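This report describes the fold of one protein chain, then its sheet, its internal cavity and one loop residue. The sequence and the model come first.

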Amino acid sequence: MTDDGPRTIKAVERAAAIIDAIENGGPVGVSELATELGVSKGTAHTYLSTLTRERLLAKSGEEYRLSLQYLSLAERLKSRIDIYDLAKNEVDKLAAETGERAQFAMLEDGLVANVYRAEGEDAIRTTVTIGQYDYPHYIAVGKAMIAHLPEDRLAEIVEETGLPARTDRTITDREELEAHLATIRERGYAVDDEERARGVRCVGAPLLDDAGGVLGAISISGPAQRMTDDRIESELRNLLLRSANVIEVNAELSG
């Protein structure tokens with residue numbers, strides 16, 4: 001807890017760190033976790049036992065893993081995203097039609113959360129997982145969304161998260177980003193030109209409600225050699241904007 005930040009509860013922070021450690025590294029034992037967190041074995045055991053009792057973790061032999069309760073939590077969360085099914089259907093179509101990887105993402109607390117992904121027959125592998133967060137300024141879905149935010153909200157996000165570089169192509173200058181976002185608004189879609197990962201390009205379109213509010217974004221990504229400007233202009237842009245329109249119209253009709 002710091003004087004210039006919000007008040008936090010250390011025990012909750014440590015519990016969250018334990019869940020993150022097991023999510024990223026897999027099942028752990030008491031000794032391993034104690035070493036990783038820099039706490040005593042007794043403290044590690046107390047946390048693990050408590051999280052297991054609350055069914056956030058499950059014990060297998062001498063190791064602890066994430067419990068199956070997260071499957072239920074994920075399903076309930078998806079059911080509460082109003083456009084989830086609409087976006088899923090269109091993302092599936094995009095992946096099948098293009099052979100590439102297609103995504104649906106949303107903004108949460110100034111970051112991009114990956115919500116759904118589908119892979120076509122030629123899709124490249126990705127290290128991006130569902131629920132993973134990214135900075136919005138270096139990926140197509142993120143840029144497509146923040147391009148349509150009110151100026152004051154965009155300023156808040158830039159202030160809070162900064163503009164860190166992911167590759168040497170990432171836009172890290174505030175004025176350059178604002179000019180880039182203006183171009184996105186004019187043409188209706190965004191391009192990630194190897195800004196998140198070298199060798200990978202992505203084209204994304206925002207999902208907006210009838211008042212211009214941001215619902216999310218969808219995108220198509222693939223290797224740079226296939227995701228050429230010509231292909232984006234002649235094929236991918238039209239498919240993407242069609243799917244975005246289908247989602248927006250159906251969301252308005254069902255809203």
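## Fold, sheet and cavity

The chain has nine helices and eight strands. The model is predicted, and its residues are numbered from 1 along the chain as the sequence is written. Along its principal axes, the C-alpha trace spans about 60 × 40 × 40 Å. Of the 255 residues in the chain, 41% are buried. Among contacts between residues at least 6 apart in sequence, 56% join residues at least 24 apart.

**The sheet.** Six strands form an open sheet with antiparallel pairing, in the order S5-S4-S3-S8-S7-S6. Its edges are strand S5 (133-134) and strand S6 (190-193), each of which pairs on one side only. Helix H5 (residues 84-98) packs on this sheet and touches strands S3, S4 and S8. The direction of H5 makes about 55 degrees with that of S4. At one edge, S4 and S5 run antiparallel and are joined by two bridges. In this pair, Ala113 stands opposite Tyr133 of S5.

The table lists the elements in this part of the model with their residue ranges.

| Element | Residues | Place |
|---|---|---|
| Strand S5 | 133-134 | edge strand of the sheet |
| Strand S6 | 190-193 | edge strand of the sheet |
| Strand S4 | 111-119 | joined to S5 by two bridges |
| Strand S3 | 101-108 | touched by helix H5 |
| Strand S8 | 214-223 | touched by helix H5 |
| Helix H5 | 84-98 | packs on the sheet |

**The cavity.** How many cavities of 30 Å³ or more does the model hold? The count comes to one. The largest cavity has a volume of about 40 Å³. Its lining is made up of Pro136, His137, Ile146, Leu154, Ile157, Val158, Thr161, Gly162, Leu163 and Leu177. Helix H7 (residues 151-161) supplies four of the lining residues, the largest share. By class, the lining of the largest cavity has seven nonpolar residues, three polar and no charged.

**Ser67.** This residue lies in the loop between strand S2 (63-66) and helix H4 (69-79). Is Ser67 buried or exposed? Ser67 counts as buried because its relative accessible area is 9%, and the cut-off for buried is under 20%. Leaving aside neighbours within four places in sequence, Ser67 is in contact with Arg55, Leu56, Leu57 and Ala58.

Note on methods
This is a predicted model: local features need pLDDT of at least 70, side-chain atom pairs count only at pLDDT 80 or more; totals for chains, interfaces and linings use all residues. Side-chain values use heavy atoms; hydrogens and water are left out. On a 1 Å grid over the protein atoms alone, a cavity is a set of points where a 1.4 Å probe fits but cannot get out, and a pocket is an open set with protein on both sides within 12 Å along at least five of seven lines; lining residues have an atom within 4 Å of a point. Grid points are joined across faces, edges and corners, and a volume is the space filled by probe spheres set on the points. Ala, Val, Leu, Ile, Met, Phe, Trp, Tyr, Cys and Pro count as nonpolar, Asp, Glu, Lys and Arg as charged, and the others, Gly among them, as polar. Two strands pair if DSSP finds at least two bridges between them. Contact means heavy atoms within 4.5 Å. Axes are lines fitted to C-alpha atoms, for helices over the stretch in contact, and angles run from 0 to 180 degrees between N-to-C directions. Buried means under 20% relative accessible area, exposed over 50%, partly exposed in between (1.4 Å probe, protein chains only).
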